[in-house]
Amino acid sequence: MSYTSASLLDLFKFRRKNTPIHKLDPRTKLYYAITISILSLIFSDIIPLGIIFLSIIPLFIIAKSFKFLLKTLQGLFFLVLIILIIDTLFISLSIAISMSLRLFCLISSFSLFFLTTHLDDFSQALIQMHFPYSFAFALSLSVRFIPTLGLETKMIMDAQMSRGLELQKGNLIKRIKKFIPIIIPMIVLSIRRALLIAESLEARGFGIEKKRTYLYQLKLTWKDYLITFILTIILSLSIYFVYFYGLPPILTTKLPI
Amino acid sequence: MIECYNIKYTYDGINYALDDICLKIDNAEFVGIIGENGAGKTTLAKCINGLLRPQYGKILIDGEDISKFSVAQIAKKIGFVFQNSDHQIFEQTVEDEIKFGLKNLKFSPEEIEERLENIIKKLDLEKYRNISPFELSGGERKRVALASILCLDPEILILDEPTLGQDMKQKEYLVKLIENLRKKGKTIIIITHDIEFAAEYIPRIIVMAKGKIIADGPREIITQNNFILEKSSVILPQLAQLTKILKSYNIFKSFNCNFADVHNYYYELKKYLKKK
């Protein structure tokens, strides 16, 4: 069970590389991901969504992460297949294709963000955006424990298999039932660990000072300002055209079916 | 009988967690596997019960190659008690927890009841049988985990770090249990860091380091050999250290004792002092 989900999670894992995109401020990248998400939600036609999707590709190439984009597409294959089948059957092929493109845009924009942003930078960005420190800390802590959880799942599976549990056998319902002996220990262990972490944090004086200071502060450069400016313009123009002016007919062309 | 022929196992394809292991463990033997963290002790044990399949070599249990059996099939013969009992406990009552393995291996309801009663009596779990295993203390949970494996009545029992975090009373309890099992002719393999425990109770000790078996022999030899133990980051048992210190004093110069368990040590020392 873990293979597909683990490889999908892999697409959101930071890789250290020296590229202009990696060097950008996390806030700019987050703003980019959110802008792309909003754009892909306000447009619902194939051509604008296609343009948005095509615009993401060069960024992946600059970030030297093109193979992860391909992996993202590969990972979404089954989901897209389901969307295509259901939407084509009940609505139309145009909607089916635009929905798939929308999904690609949403996932790949955030994938780009997480691939190029170190978790520490992300939490620092959140703090500098005036999120509470405990919130940012909890977020980075939870992401940090994902591999640990994976390892633990493996150990639990081993332990139950040694007691004669056969995960591969039986029909779908039986197989789902067989995950109970794995999920319950996992939940219990996670809660226990959470309590332990909380205690050990308190023992080391977590939250003693209301106001924290930081060794590293993120600073916005002219590149960040420029990108933010361009993104804002694109976003406002798009909103204006979609909601107040109407898109030119070329952009809203639909497939005959 | 367990036979391993040149088994190699690698997790990442680069480093060998098990590197050319050859091993033979007879029926009714009591064996301890010691070694530093990451020496490959648990990997070896997991290969023996089929959780991991070695890339090279083969493992025979009672003359049969295990590569054709599933883990569940091997579980009938080999019981594996994991280090952390919390990795397996999930049922609502201790009774159900013990029954889980029996149900998996498809025993008849009468047989399940009979084995349950037996094991509850044997491990002294009567007063806990209807309460949630999550309410128990660490040591008690460990006992439930042990019971859930022992009720399958395996010929070979592998215990991963059974003494870790256990008090003296629990350790003694474990020793008694193992003695009983040995009387019935069961093979017992213990993976441990606890050299004192090994020196005291386990007749045959296998020392592992960096995926290899670096020594395999009776405890009288292994526990005296500083060179081997140091290689696997284990210090000499205290009684072996005492022998060394006593030897360095003038009056005890010719004192030679290969034992590192209290009982035998006492007799050796008494004999030596009488001779004096």
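**An all-helical chain A and its contact with chain B**

Followed from start to end of the sequence, chain A shows the pattern α-α-α-α-α-α-α-α-α-α-α-α-α. In this predicted model, chain A accordingly has 13 helices and zero strands. The C-alpha trace of chain A spans about 65 × 55 × 30 Å along its principal axes. Chain A has 257 residues, of which 35% count as buried. When contacts in chain A between residues at least 6 apart in sequence are considered, 77% of them join residues at least 24 apart.

A reader new to the model may first wish to know how far chain A can be trusted. The mean pLDDT of chain A is 86, and 70 or more is reached by 96% of its residues. Confidence in chain A is highest in helix 3 (residues 26-42), with a mean of 93, and lowest in helix 1 (residues 2-10), with a mean of 51. Over residues 1-6 of chain A the pLDDT falls below 50, and this stretch has two contacts in the model beyond near neighbours in sequence. Where pLDDT is low, the predicted coordinates should not be read in detail.

Chain B can be approached through its domains. Domain 1 of chain B is made of two segments, 1-77 and 154-236, while domain 2 covers 92-153 and domain 3 covers 237-276. The centres of domain 2 and domain 3 of chain B, taken over C-alpha atoms, are separated by 44 Å. Within chain B, B:Asp96 sits in helix 3 (residues 94-104). B:Asp96 has a relative accessible area of 25% and is therefore partly exposed. B:Thr43 is 53 residues away from B:Asp96 along the chain, and 29 Å lie between their C-alpha atoms.

The two chains meet at an interface. Chain B contributes 23 residues to the contact and chain A contributes 19 residues. Together the chains bury about 1,900 Å² between them, with 61% of this area on carbon and sulfur atoms. On the side of chain B, the most area is lost to chain A by B:His87, B:Phe90 and B:Phe100, which together make up 32% of what that side buries.

Charged and polar pairs also cross this interface. Three salt bridges are found between chain B and chain A. One pair joined in a salt bridge is A:Asp158 and B:Lys46, whose side chains meet at 3.1 Å, N to O. Six residue pairs are in polar contact across the interface, counting pairs with both residues at pLDDT 80 or more. As for where the touching residues of chain B lie, helix 2 (71-75), helix 3 and helix 5 (138-150) each supply at least two residues of the side that touches chain A. Helix 3 of chain B gives the most to this side, with four residues.

Side chains of opposite charge can pair when their charged atoms come close. Over all chains, the count of salt bridges comes to 23. In one of these pairs, the side chains of B:Glu29 and B:Arg204 meet at 2.9 Å, N to O. B:Glu29 lies in the loop between strand 2 (16-25) and strand 3 (30-35) of chain B, and B:Arg204 lies in strand 9 (residues 204-209), so this pair ties together parts that are 175 residues apart in sequence. B:Arg204 has a relative accessible area of 14% and is therefore buried.

Another salt bridge involves helix 3 of chain B. The side chains of B:Glu95 and B:Arg129 meet at 2.9 Å, N to O. This pair links distant parts of the chain, with B:Glu95 in helix 3 and B:Arg129 in the loop between helix 4 (109-122) and helix 5 of chain B, 34 residues apart. B:Glu95 counts as buried because its relative accessibility is 14%. B:Arg129 is buried as well, with a relative accessible area of 13%. B:Arg129 also forms a salt bridge with B:Glu126, at 3.4 Å, N to O. B:Glu126 is partly exposed, with a relative accessible area of 46%. These pairs belong to a network of salt bridges that links B:Glu95, B:Lys99, B:Glu113, B:Glu117, B:Glu126 and B:Arg129.

Notes:
Residues are numbered from 1 along each chain as its sequence is written. Chains are lettered from A and ligands numbered from 1 in the order in which they are written. Side-chain values use heavy atoms; hydrogens and water are left out. pLDDT is the predictor's confidence in each residue, from 0 to 100. Contact means heavy atoms within 4.5 Å. Domain bounds come from an automatic or database domain assignment. Buried means under 20% relative accessible area, exposed over 50%, partly exposed in between (1.4 Å probe, protein chains only). Buried area is the accessible area (1.4 Å probe) that two parts lose on being put together, summed over both. A salt bridge is a side-chain nitrogen of Lys or Arg within 4 Å of a carboxyl oxygen of Asp or Glu. A polar contact is a pair of N or O atoms within 3.5 Å; within protein, one must be able to donate a hydrogen and the other to accept it, and residues adjacent in sequence count only if both atoms are side-chain atoms.
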